[in-house]
Amino acid sequence: MNFKCICTNSIPCSLFSMQFNSSRCTVETSRPTSEFSGLISEGSSTLPVLSYSNSYPTPNKCTAVKNTLHCKRCRHNKLPDTHTEHPSCSGRMCLSSSSMGCSPTCEHPSCSGRMCLSGSSTGCSPTCDSPLHSYAGTKLKLLHETDVFLCKVFHSRNVVHKFLGSKFLRKWENHHLFFTDSEIISRTPSGFMEHPILYSQIEEIYCLPNWTSSRKMCIRLVIPGSSVIVQVNNLYIRDQWLHSLYWKRTMLRHQMLLSHTERYDVLLKELKSLVDLVLSTPLQGEDIIQIPLDIISNIVTKKQSWITCSSRESLITIIAPLLERISASAEICDFLCWHCKESPHSYVIVEVLSPIIQRILKHTVDFGKHPKSRLLVQSYIEAINQKNDGINAVKDFVRSVHGPVSSCPHPRLMHNLVSTSLAALYSLFEEKKWSQGENLNKTPFDTTAWESRHLCFITIFQTIVSFEDWRPSLAQLLQPIPFPQDALTYAQFTKNFKVVIENICKDPRCEVHLALLGIRDDKDGWFQLYCPGSIACDDEGDLWSLMLKQFLECCCRRKRFLQSLSKNLGPFVLRALREDETCQQILCAMMEFQIIENKDVQFQITSTLQSTSTGRKHYAVLCRKQIHLQELQQKGGPRKLVLPPKSTDNDLSQLLSCGSFGNLECLSLAFTNITCTSAEQLIKLPSLRYLNLWSTQFGDSGVMLISEHLHNLEVLNLCETQVTDKGLTALFTLKNLRKLNLNSTSLSSQTLEWLKKKLPTLEECDVRYTDAW
């Protein structure tokens, strides 16, 4: 709709016109005049901002009768007419709040048909029904109650009212006002506020700068028969009043209109206006979000209005910008889920709903408090899975939410994806179970659709595990095996999920691949689930053997881990007979650490190793180690040994490879380049009582290994090493430890207190330059 600004003398109002024009300026429009009631503007105290007029001729000589509106003109006797027509304002009035009167029409590029309101004294006041999409001023708080001075000016032209309404005889009253959903009321209903002011009665609102004798700014509320003048102290309060009143009045109008209208086009138009207002208003507060959400929620519950796909698409397109910024209500989530199920090939699912789903995944902290949001994400994923290239579409969606960077900046995103997929898989298997056993109505079960949905959510896990930054958190979430028993016994599930377990297994980080073990000693993990003979093993133990290999190459070559494996030797013997070198190494390690005490079992392991060519090689290496160990532990040799600085693991291994060290009690490796690799050499010295590892590269895995074997240690120096709480907690097995130096390590106060309780013989513990100091 276009407006045109003209004058009665046919002289256009121009910013560059220097001729004074005292006539009124009119704005012609084909809209009914009733639509212009309640606009916000600025002007003097003697004339209304917008008044109706049908007496002025139109400049284009049109035969059609048009409504003409007067705009408030600058009435300062030093200024010419300044109201101009600007193409970007679409005829909306954009007036300055300066005390000098009206400024030219706002030239803001985004002011096309919207309210432009600046926070400065030279900015624009709100003058139209639809707001600006961006507000450059200060954010405002929605008014709920306030203390103000106000007075009432009657519109009667008699002499008494004019005299009493003059600037110096005007009476001001102090009131504590409350802004309800439909009216303005006073705590003490008396005087000028004896009767509440209904928002529907407010015809106009505008500013009156320097209107009082103290030159304070005022706001005028024009109601039938009179005007209420409210004093404001500064620009912030002025803008707060204007925007709050505009918000309250507009929300009331939207609530009444949207609850009673049955016309589809009017409903969409009003919703568009409502969403634009919420996105553009500078007001902040819970009501700014909750009230529009309640209005939209009531609308979407009327499903008879949204039976067709096109109607739902139009509605979703309108409310989508709002849902991209705030969380959807349960009713809106139900409506969107309904659309995803009824019209999975709708264009809005990919083009419009994607940002909404991404916001839910990025910002939702607890799906337990928002279960409908999780159902919406689940329905969205199922909808994109029904496209022609569904699995690739699901993969592309997960990649898009992660982003192109190596590390996803949203910490909750992956957890919400996993939570949604787990809940979906639970519901799928419950649905299958119900269809097979408890379906009393014998509803036909679509196996093909069920398999497609089942594969869709497993694909999400397969895509998540491909990102290196998500893998540690995913491994921790999957460690307790959070799947129903029906899924673990379903061959297709365990077969497809092997991709996820294999990626976790190949990750070199200990915190990732160790999550495949049970979360507790008495709790089975993925390692036991894919063991040969288990319900999930369909590859004769290939994946299980891959896990074993990763554990041995990392930090699991420990006596405690081997003892847990010795409880079930059958799979190891079977795989060793099939020339699985990993299982052959496991059997040799059990023999080396003397874990197998039964002579018959030892003979069976020896026979198994000697039955294959690879097994004979590993058994030969074991025999050489045993011979060397016997020579090393023979009585004799030095009682004290100090390695030179900068010595390496190879130097220590070469030193201990010749001669006997059965009497060695004190070993100093301070300021050397010894790492955790040398731990396997140190555990061969059972008489060791003093071990100095000051300023070496020793870490957690080495400390855990020596804690299992060197039980005679009395003094241990770990000053300036790389040990952390993870390795230090293993020291509780050293019951003879008297002195412990943890200076300049990553020791925490909690671990220190725990060690004091577990080591009763500990006399000295140096914790300087640690968090426990």
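**Close-up views of a predicted model**

**View 1. Thr721 is a buried residue, with a relative accessible area of 8%.** The structure shown is a predicted model. A residue counts as buried under 20% relative accessible area, so Thr721 qualifies at 8%. Thr721 sits in the loop that links strand 20 (715-717) and helix 27 (725-728). Leaving out residues up to four places away in sequence, Thr721 touches Leu693, Ser695, Thr696 and Phe698. Ser744 and Thr745 are also among its contacts.

**View 2. Strand 11 (residues 183-186) alternates its side chains between two faces.** Ile184 and Ser186 point to one face and are buried. Glu183 and Ile185 point to the other face and are not buried.

**View 3. Strand 11 pairs with strand 10 and with strand 12.** Strand 10 (residues 173-179) runs antiparallel to strand 11, with 3 bridges between them. A hairpin of 3 residues connects the two strands. Leu177 lies opposite Ser186 of strand 11. Strand 12 (residues 197-198) is also antiparallel to strand 11, joined by 2 bridges. There, Ile197 is the bridge partner of Ile184.

**View 4. Helix 4 (residues 286-300) has the span expected for its 15 residues.** At 1.5 Å a residue, helix 4 should span 21 Å. Its end C-alpha atoms are 21 Å apart, which agrees.

**View 5. The buried residues of helix 4 pack against four helices and a strand.** The buried set is Ile288, Ile291, Pro292, Leu293, Ile295, Ile296, Ser297, Ile299 and Val300. Their helical partners are helix 2 (235-260), helix 3 (264-280), helix 5 (309-323) and helix 6 (330-342). Strand 16 (283-284) is the strand they pack against.

Notes:
Residues are numbered from 1 along each chain as its sequence is written. This is a predicted model: local features need pLDDT of at least 70, side-chain atom pairs count only at pLDDT 80 or more; totals for chains, interfaces and linings use all residues. Side-chain values use heavy atoms; hydrogens and water are left out. Buried means under 20% relative accessible area, exposed over 50%, partly exposed in between (1.4 Å probe, protein chains only). Contact means heavy atoms within 4.5 Å. Two strands pair if DSSP finds at least two bridges between them. The expected span of a helix is 1.5 Å times one less than its number of residues.
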